[in-house]
Amino acid sequence: MTNTDPEIRYSRLCQIVVHDGVSLDRQIYEGDPDPGRWLLEVVNKNGTSIVWEDQFDTDVAAFEEFTRTLETGGLAAFTDE
């Protein structure tokens, strides 16, 4: 039997980010279905996963998108509503 689990490589830029006392789990990773492209996922305080549809050329580009989103939309950008 072969292992069909995708191989995921996490960026060194993954981190729990605290903004205005609220924690966000920033995950940046490379893997299936498109190796060489980086995905950005943020898990909010309720455990809701928010994944960007766009993929990024580098983990730094994904990090910059997270930073830009937080600066322009604040925590509201990561809520369940």
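Here is a walk through this structure, from its overall layout to a few residues worth a look.

Keep in mind that what you see is a predicted model. The chain holds 1 helix and 5 strands, and if you read along the sequence they come in the pattern β-β-β-β-β-α. So much for the order of the parts; now for the dimensions. Along its principal axes, the C-alpha trace spans about 45 × 25 × 20 Å. The chain has 81 residues, and 31% of them are buried. Its exposed surface comes to about 5400 Å², with carbon and sulfur atoms supplying 48% of that. As for charge, there are 6 positive and 17 negative charges, and the mean positions of the two groups are 6 Å apart.

Let's follow the strands. Strand E1 covers residues 9-10, and E1 is joined to E3 by 2 bridges, with the two strands running antiparallel. One pairing to find here is tyrosine 10, whose bridge partner in E3 is tyrosine 29.

Next along the chain is a loop between E1 and E2, and leucine 13 sits in it. Is leucine 13 buried or exposed? Although it belongs to a loop, leucine 13 is buried, because its relative accessible area is 15% and the cut-off for buried is under 20%. What does leucine 13 touch, leaving out residues up to four places away in sequence? The list is Arg26, Ile28, Asp59, Val60 and Phe63. Of the elements already on our path, E3 takes in residues 22-30 and helix H1 takes in residues 59-73, so you can place those contacts on the model with the help of these ranges. Serine 23 is another matter: it is 10 residues away from leucine 13 in sequence and 16 Å away in space, C-alpha to C-alpha.

Strand E2 spans residues 15-19 and is joined to E3 by 5 bridges, again antiparallel. At one place in this pairing, glutamine 15 stands opposite arginine 26; at another, valine 18 has serine 23 as its bridge partner. E2 and E3 form a hairpin with 2 residues between the strands. Look for aspartate 20 in the loop there. Aspartate 20 has a positive phi of about 50° although it is not a glycine. This residue is also exposed, because its relative accessible area of 66% lies in the range called exposed, which is over 50%.

E3 goes on to pair with E4, in the antiparallel sense, over 6 bridges. Two spots to look at are aspartate 25, which stands opposite valine 43, and glutamate 30, whose bridge partner is tryptophan 38. E4 itself is mostly covered, with 5 of its 6 residues buried. E4 also pairs with E5 (residues 49-51), antiparallel once more, over 3 bridges. In that pairing, glutamate 41 has valine 51 as its bridge partner. The hairpin of E4 and E5 has 5 residues between the strands, and in its turn glycine 47 has a positive phi of about 85°.

What about the inside? In soluble globular proteins, nonpolar side chains tend to be buried together. Here the largest nonpolar core has 13 residues, and Leu40, Val42, Phe66 and Phe78 are those with the most contacts inside it. The elements that give two or more residues to this core are strand E3, strand E4 and helix H1.

To finish, pick out phenylalanine 78. Which residues is phenylalanine 78 in contact with, once neighbours within four places in sequence are left aside? They are Leu24, Val42, Asn44, Ile50, Trp52, Phe66, Thr69 and Leu70. Two of these, Val42 and Phe66, were named above among the core residues with the most contacts. For the chain as a whole, among contacts with a separation of 6 or more, 31% are between residues 24 or more positions apart.

Note on methods
Residues numbered from 1 in each chain as written. Predicted model: local features only at pLDDT ≥ 70, side-chain atom pairs only at ≥ 80, totals over all residues. Heavy atoms only, no water. Helix = DSSP H or I, 4+ residues; strand = E, 2+ residues; numbered from the N terminus. Buried < 20%, exposed > 50% of the residue type's maximum accessible area, 1.4 Å probe, protein only. Contact = heavy atoms within 4.5 Å. Areas by Shrake-Rupley, 256 points an atom, 1.4 Å probe, with all protein chains shown as cover. Lys, Arg positive; Asp, Glu negative; His and termini not counted. Charge placed at Lys NZ, Arg CZ, Asp CG, Glu CD. Core = buried A, V, L, I, M, F, W, Y, C linked by side-chain atoms within 4.5 Å. Pairing = 2+ DSSP bridges.
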